[in-house]
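Me: I would like a close look at the empty spaces in this protein, both the enclosed ones and the open ones. Please take me through what lines them, step by step.

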Amino acid sequence: GQTTTTKRMLGRHKFSKLATDGTHHDEPIDDYILGDMVTVEPLPQFEFGSDHEYWDILPAWEKRRPPTMRTINKFEIGRYPVTFEEYDQYCLENALKPPDSERWGRGRRPVINITWLQATEFCNWLSAKKGLAPAFQLGKLFYEQDGRTVFVDPGNKKITQKILSKIEGFRLPTEVEWEFAAKGGRYSQGYKYIGSSDADRVSWYKDNTSFCTEEVGKKESNELGIYDMAGNVFEYCLEGTNFYRNLRGGGWSSRSESMRASYSNGCRYDESHSYVGFRVAKSV
């Protein structure tokens, strides 16, 4: 029979405490983020794109992307979005100015006000801490093949499964990976929203926030035990078109319709917003 995944809350996980003097308490920050990944097992194929059952109410721009059948490889994705706690540690170690929190708080809230390019640099930092080859160089994927360096621009080239298999380090999830994980992977229950048919159980959005971000892990997870894929912050995906990169998941100011796994938006790779963050992924 089908395995069911127990939904877990954040309370049992420890976080590193970044003090003003640069010292830390509890577990090291890299043990948290690097050790808290969810392995996503693939299916032979799955339906990617706009939902058939909501076709009549979808805006015209979403209907330009009719559902298609896709395949993916096994991969890992972060259980939570990257938090200020983790990103501030990265800034501390690299003498970078931390991003603005809008005075909403830092700590376990998802990091905001960073660009897609800055997110890729964070991924490289995580890769170095784990002893993995970096995935990005100046916003392009790169890997070694036959004694030469191959560069792939996520804004101008289709990111195939073959390309992803050559990338060792941490990166951003592709739209296909993100949507498959959001739908619960092979354990999907076919919910209306990500992880539930009741948006309030799994997401922070327009109807239940004080128009700001909230700490990660406070809502229920989806079928794979992944938190905050619906609401709180939009999340950068790996690819896009030209200067734009795709966003998924909806944010704290979004309507409930944006909590659907197939909902997609976008922004420039050099822009930052108070409603956009990211989570990491890695090929297996």
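Reply: What follows looks at the largest pocket, then at the cavities. Please keep in mind that this is a predicted model. Rolling a probe the size of a water molecule over the atoms shows where empty space is left.

The largest pocket has a volume of about 350 Å³, and 18 residues line it, with Arg70, Lys158, Ile159, Val176 and Glu239 lying nearest its centre. Two elements each give two or more residues to this lining, namely helix 5, which covers residues 175–182, and strand 10, which covers residues 234–241. When the residues lining the largest pocket are sorted by class, eight are polar, six are charged and four are nonpolar.

Turning to the enclosed spaces, the structure holds two cavities of 30 Å³ or more, and the second largest of them has a volume of about 30 Å³. The residues that line this second largest cavity are Ile194 and Val202, then Glu220, Ser221 and Asn222, and finally Ile226, Tyr227, Asp228, Met229 and Ala230. Sorted by class, the lining of the second largest cavity has six nonpolar residues, together with two polar and two charged ones. The two polar residues are Ser221 and Asn222, while the two charged ones are Glu220 and Asp228. If you find these residues in the structure in front of you, you can follow the lining of the second largest cavity from Ile194 through to Ala230.

Terms used. Residues numbered from 1 in each chain as written. Predicted model: local features only at pLDDT ≥ 70, side-chain atom pairs only at ≥ 80, totals over all residues. Heavy atoms only, no water. 1 Å grid on protein atoms, 1.4 Å probe; cavity = no way out; pocket = protein on both sides within 12 Å on 5 of 7 lines; lining within 4 Å. Points joined across faces, edges and corners; volume = space filled by probe spheres on them. Helix = DSSP H or I, 4+ residues; strand = E, 2+ residues; numbered from the N terminus.
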